[in-house]
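User: I keep meeting words like "buried", "core" and "pocket". Could you take me through this protein and tell me what earns each word?

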Amino acid sequence: DTFFTFAEAKEVLSRYLKAAEEERKAESNSSEKMPCGKEMRRDEVAVDAVLKDALLTRDELATSKGSEEFSMKKEEIFSRWQAALQPCHIIVPAGAPKNLDVSTLKVHKGTCPPVKISVEDRFGGRKHITHVVGVHVFLLDPKTVAEYLQKKLAAAASTYALPGQKVQAAISIQGNMAAAVADALISHFKLDRKYVVVEQKKSKAGSRK
């Protein structure tokens, strides 16, 4: 597989459109016949077979068959190009040097999932448990994070496996510690704030003993 940043992918498309336009002008200038068909505006681009396959839906491809002329606004082409790209992400280890060659890091398909923090109510809201899921995605050891949070927050913390999984990648902390956990992940473990999500409380019925 070949991976590009969005800027690189946009540059590839820009170069292709420029080369196609230059080729089209050269063919038009070398032809003795007058160009026929609708004249395109400056903000429009001739859509060739390659662009059709890359940008059009099945229905659009079906209706465009046999059509000699087809044009689309540049803005629409770039918008469709971006939508057609498959998102990928890499995780840069905390404390990595600024000149790190990111091409050596593993590429993961899909958007980067955030760390999710939620608070579970128990026994009618008299007790709370804070759950933290996803720190392993950012190359953090859940046990190390749990040990730090236990000391930092003076609250019991442990790891557990999510349903259907064997690896203990989730963390539970006694009490409503959502805000404090989020602050610790951002300030101590250097996670970007946009990748730390505090979810709303979820209720769980409890019973008295």
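Analyst: Here is a walk through the terms, one at a time. This is a predicted model, where local features need pLDDT of at least 70 and side-chain atom pairs count only at pLDDT 80 or more, while totals for chains, interfaces and linings use all residues. Residues are numbered from 1 along each chain as its sequence is written, and side-chain values use heavy atoms, with hydrogens and water left out.

User: What makes something count as a helix or a strand, and how many of them does the protein have?

Analyst: Both are DSSP runs, numbered from the N terminus: helices are H or I with at least four residues, strands are E with at least two. By that rule the protein has six helices and 10 strands.

User: Why is Leu139 called exposed?

Analyst: Relative accessible area decides it: buried means under 20%, exposed over 50%, and partly exposed is in between, using a 1.4 Å probe and protein chains only. Leu139 has 52% relative accessibility, so it counts as exposed. You'll find Leu139 in the loop between strand S6 (127-133) and H5. Leu139 also has a positive phi of about 65 degrees, although it is not a glycine.

User: And what makes Lys190 exposed?

Analyst: The relative accessibility of Lys190 is 59%, so the verdict is exposed. Lys190 sits in the loop between H6 and strand S9 (196-198), and its phi is positive too, about 60 degrees, though Lys190 is not a glycine. As for the whole protein, buried residues make up 26% of the 209 residues.

User: What makes the largest nonpolar core a "core"?

Analyst: A nonpolar core is a set of buried Ala, Val, Leu, Ile, Met, Phe, Trp, Tyr and Cys residues joined through side-chain atoms within 4.5 Å. The largest such set here has 27 residues, and those with the most contacts inside it are Ile117, Val132, Ile173, Val181 and Leu185. Strand S5 (115-122), helix H5 (142-153), strand S8 (170-174) and helix H6 (178-187) each supply at least two of its residues. H6 gives the most, with six. Apart from this core lies another, of nine residues, including Leu13 and Val47.

User: How do you know what covers the buried residues of H6?

Analyst: By contacts, meaning heavy atoms within 4.5 Å. The buried residues in H6 are Ala178, Val181, Ala182, Ala184, Leu185 and Ile186, and their cover includes S5, S6, H5, S8 and S9. Take Leu185: leaving aside neighbours within four places in sequence, its contacts include Val115, Val145 and Val196.

User: What makes the side chains of strand S7 alternate?

Analyst: In a regular strand the side chains alternate between the two faces of the sheet. Strand S7 (residues 157-160) fits: Ala157 and Thr159 point to one face and are buried, while Ser158 and Tyr160 point to the other and are not.

User: How do you know that S7 pairs with S8?

Analyst: Two strands pair if DSSP finds at least two bridges between them. Four bridges join S7 to S8, which run antiparallel, so these strands pair under that rule. Ser158, for one, has Ser172 in S8 as its bridge partner.

User: What can you say about the lining of the second largest pocket?

Analyst: Ala, Val, Leu, Ile, Met, Phe, Trp, Tyr, Cys and Pro count as nonpolar, Asp, Glu, Lys and Arg as charged, and the others, Gly among them, as polar. Sorted that way, the lining divides into 12 nonpolar, six polar and three charged residues.

User: And why is it called a pocket rather than a cavity?

Analyst: On a 1 Å grid over the protein atoms alone, a cavity is a set of points where a 1.4 Å probe fits but cannot get out, whereas a pocket is an open set with protein on both sides within 12 Å along at least five of seven lines; lining residues have an atom within 4 Å of a point. H1 supplies the largest share of this lining, four residues.
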